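Visitor: I would like a close look at a single part of this protein, taken slowly, with the surroundings of that part brought in one after another. Please begin with one residue and work outwards from there.

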Amino acid sequence: MTPHTALRLHVPEPTGRPGCSTDFSYLSISPAGSVRKPPTDTAPGDTADLATSLVRVLDDEGRACGPWAPAMHPERLRRGLRAMMKTRIFDARMLLAQRQKKLSFYMQCLGEEAIAVAHSMALQDGDMCFPTYRQQGLLLARDDISLVEMICQLMSNQRDPIKGRQLPVMYSYKRAGFFSISGNLATQVPQAVGWAMASAIKGDTKIASAWIGDGSTAESDFHTALTFAHVYRAPVIINVVNNQWAISTFQAIAGGEGTTFAQRGVGVGIASLRVDGNDFLAVYAASQWAAERARSNCGPTLIEWETYRAGPHSTSDDPSKYRPADDWQRFPLGDPIERLKKHLIAIGEWSEAQHEAAQRELEAEVVAAQKEAERHGSLLDGRVPSAATMFDDVYKDMPEHLRRQRQQMGV
C-alpha cells in the first residue's frame with residue numbers, strides 16, 4: 001500500500017492584515033468596456049463568462065465605453081450623484097449621532113453608495129426590494145421618503161414609524177417597495193423569491209429584488225432560494241454585495257477564493273453577472289438588464305457587485321483589528337462618487353463649484369432633518385414610544401385578552 005501524507009484542511013487567509021498592505025491582485029478586473037452584453041433572453045449557461053469577467057463602463061478618465069454604457073440623460077446622472085452624496089452625508093451624521101449617544105446603533109454603506117442608488121433607478125413603482133441593513137440608498141434615492149421619519153426610526157423616538165419594534169437601520173416602507181429588514185442573515189432571499197413567484201401566479205408585472213452580503217451566501221437559505229428561483233423561473237434579481245469583508249471575516253471564508261459568487265448562479269441554472277459595484281453606470285445598466293429579463297419572463301438573474309466596505313461593519317466594530325487602515329484608498333475600483341463626478345465633469349454636465357454647492361446644500365438638508373427628528377426625542381432624553389403601542393397592529397381588532405393584558409400593565 002502506498003503511504004500517504006497526513007490530511008490537512010485549507011483555511012483561507014486575507015491577503016492583507018493590519019500593518020501589511022493588502023494585495024488586491026486576487027481581484028480579477030476586466031478593462032472598462034471590454035465585456036460583452038448579451039440579449040436579455042440569453043440562456044443562463046451562456047452567461048458563464050460574465051460570471052467571471054467584470055462588467056465595467058467608466059474608464060480611468062471618466063469616459064463611458066463599451067456595450068454596457070447606458071443612454072442616461074445628464075439630469076438622471078446628476079440626480080444619481082446627488083443621491084449618493086446625500087447617502088454618504090446621512091451616514092456620517094448618523095454615525096456622529098450614535099457616538100453622541102442619541103441612537104444606539106448604526107451601519108454605514110460608505111463606499112457602496114452606487115449599488116443601491118443606481119439599482120433603485122432601474123426599478124419601477126410597485127417592484128419590491130428585500131434589502132439587508134446596508135441598502136439605505138434605496139430609500140435616500142427617492143424624493144418621497146422623509147429624512148425626518150428615517151432618523152426618528154434610528155432614534156426609536158415618539159415619531160418612530162415602527163414604534164420602537166425594530167433595531168435602528170431596519171426600516172420598513174411598503175409604499176416605497178422596501179420590505180421590512182430582518183436581522184437574521186439570508187432570510188430575505190427566499191422571501192423575495194416567494195414574493196416574485198406570487199407576483200407571477202397573480203399575473204402581475206412587478207418583480208422582486210433580493211439583497212445579501214458575500215458572507216451570508218454561506219447560509220442555507222441562500223441556496224434554497226437559488227433552487228426555487230431557478231426551478232420556477234421567478235421574476236427576481238438576486239444581488240450579492242461582495243464588499244470583501246463580513247464583519248471580521250474575509251470573503252474567501254464564504255467561498256470567494258478561486259471562484260466568484262456569481263458562478264454559483266450559473267451552477268444552478270440562473271443567468272449571472274459580475275459587475276463593478278463602484279461604477280454607477282455599470283450598476284444601472286446591469287440592473288436594467290436583469291429587471292427587463294425578469295419582467296419579460298426570462299427568469300431570475302444573480303448579480304455579484306464588487307465593492308469595498310470602507311467603514312466598520314457597524315458602530316460595534318473596529319476594522320483596524322483585522323485589516324489595513326488604508327485599504328479603501330488603495331482599493332482598485334475607487335470611490336463611486338468621485339468616479340461619477342469625474343464622468344459628469346468630463347461630459348460638461350458638472351463642475352467642482354456645483355459639487356461643492358451640492359455638498360453644502362445636502363449637508364444643510366440632513367442637519368435640518370436631524371434637528372427636526374430630535375424634537376421628538378432621542379436616547380439622550382428617553383422619549384420613546386409608549387409601552388402601550390406593543391399591543392397595537394397585532395390584530396385588526398384588539399381581542400379581549402390583549403385588552404386585559406394592557407390594563408394589567410397600567411398603560
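Guide: In this predicted model, Gln-153 is buried, because its relative accessible area is 1% and buried means under 20%. Gln-153 is found in helix H4, and, when residues up to four places away in sequence are not counted, Gln-153 touches Asp-160, Pro-161, Ile-162, Gln-166, Leu-167, Pro-168, Val-169, Met-170 and Tyr-171. Tyr-171 in that list also has a place in the largest nonpolar core, a set of 78 residues, where Phe-90, Tyr-171, Phe-280 and Trp-305 touch the most other members.

From Gln-153 the view can widen to the helix itself and its packing partners. Helix H4, residues 147-155, packs with helix H11, residues 352-374, at an angle of about 55 degrees and with the two axes 8 Å apart. H4 and H11 are therefore oblique to each other, and H4 passes H11 in a right-handed crossing. On the H4 side the contact holds Leu-147, Val-148, Ile-151, Cys-152 and Met-155, and these meet Glu-365, Val-366, Ala-369, Gln-370, Glu-372, Ala-373 and Glu-374 in H11. Sorted by class, the contact of H4 with H11 has eight nonpolar residues, one polar residue and three charged residues.

A second partner of H4 is H1, whose axis comes within 12 Å of the H4 axis, the two crossing at roughly 35 degrees. The crossing of H1 and H4 is right-handed. H1 contributes Lys-86, Phe-90 and Met-94 to this contact, while H4 contributes Leu-147, Met-150, Ile-151 and Leu-154. Six of the residues in the contact of H1 with H4 are nonpolar, none is polar and one is charged. Leu-147 and Ile-151 of H4, which take part here, also take part in the contact with H11.

Just past the end of H4, the chain reaches Ser-156, which is found in the loop between H4 and helix H5 (188-201). Ser-156 has a phi near 50 degrees, a positive value in a residue other than glycine. With a relative accessible area of 17%, Ser-156 is buried, since the cut-off for that class is under 20%. A residue with a similar backbone description is Arg-233, for which phi is also near 50 degrees; Arg-233 lies in the loop between helix H6 (220-232) and strand S3 (236-242) and is exposed, with a relative accessible area of 61%.

Ser-156 also leads to a distant stretch of the sequence, because Gly-377 and Ser-156 are 221 residues apart in sequence and 8.2 Å apart in space, C-alpha to C-alpha. Gly-377 lies in the loop between H11 and helix H12 (400-409) and is buried, with a relative accessible area of 0%. Leaving aside its neighbours within four places in sequence, Gly-377 is in contact with Met-155, Asn-157 and Arg-383. Met-155 belongs to the part of H4 that meets H11.

Turning back to H1, this helix (residues 74-99) also packs with helix H2 (residues 113-122), at an angle of about 135 degrees and with the axes 9 Å apart. That angle makes H1 oblique to H2, and the crossing of the pair is right-handed. Arg-76, Arg-79, Gly-80, Ala-83, Met-84, Thr-87 and Arg-88 of H1 make this contact with Glu-113, Ala-114, Val-117 and Met-121 of H2. By class, five of the residues are nonpolar, two are polar and four are charged.

Several residues of this contact recur around Phe-280. Apart from neighbours within four places in sequence, Phe-280 is in contact with Met-72, Leu-77, Gly-80, Met-84, Ala-114, Val-117, Ala-118, Met-121 and Leu-340. Another residue to set beside H1 and H2 is Gly-137, whose place is in helix H3 (residues 137-140) and which counts as buried at 1% relative accessibility. Gly-137 is in contact with Thr-87, Ala-116 and Val-117, its neighbours within four places in sequence being left aside.

Key: Residues are numbered from 1 along each chain as its sequence is written. This is a predicted model: local features need pLDDT of at least 70, side-chain atom pairs count only at pLDDT 80 or more; totals for chains, interfaces and linings use all residues. Side-chain values use heavy atoms; hydrogens and water are left out. Axes are lines fitted to C-alpha atoms, for helices over the stretch in contact, and angles run from 0 to 180 degrees between N-to-C directions. Helices (H or I, at least four residues) and strands (E, at least two) are DSSP runs, numbered from the N terminus. Angles under 35 degrees count as roughly parallel, over 145 as roughly antiparallel, 65 to 115 as roughly perpendicular and the rest as oblique. A crossing is left-handed if the near helix is turned anticlockwise from the far one by less than a right angle, and right-handed if clockwise. Contact means heavy atoms within 4.5 Å. Ala, Val, Leu, Ile, Met, Phe, Trp, Tyr, Cys and Pro count as nonpolar, Asp, Glu, Lys and Arg as charged, and the others, Gly among them, as polar. A nonpolar core is a set of buried Ala, Val, Leu, Ile, Met, Phe, Trp, Tyr and Cys residues joined through side-chain atoms within 4.5 Å. Buried means under 20% relative accessible area, exposed over 50%, partly exposed in between (1.4 Å probe, protein chains only).
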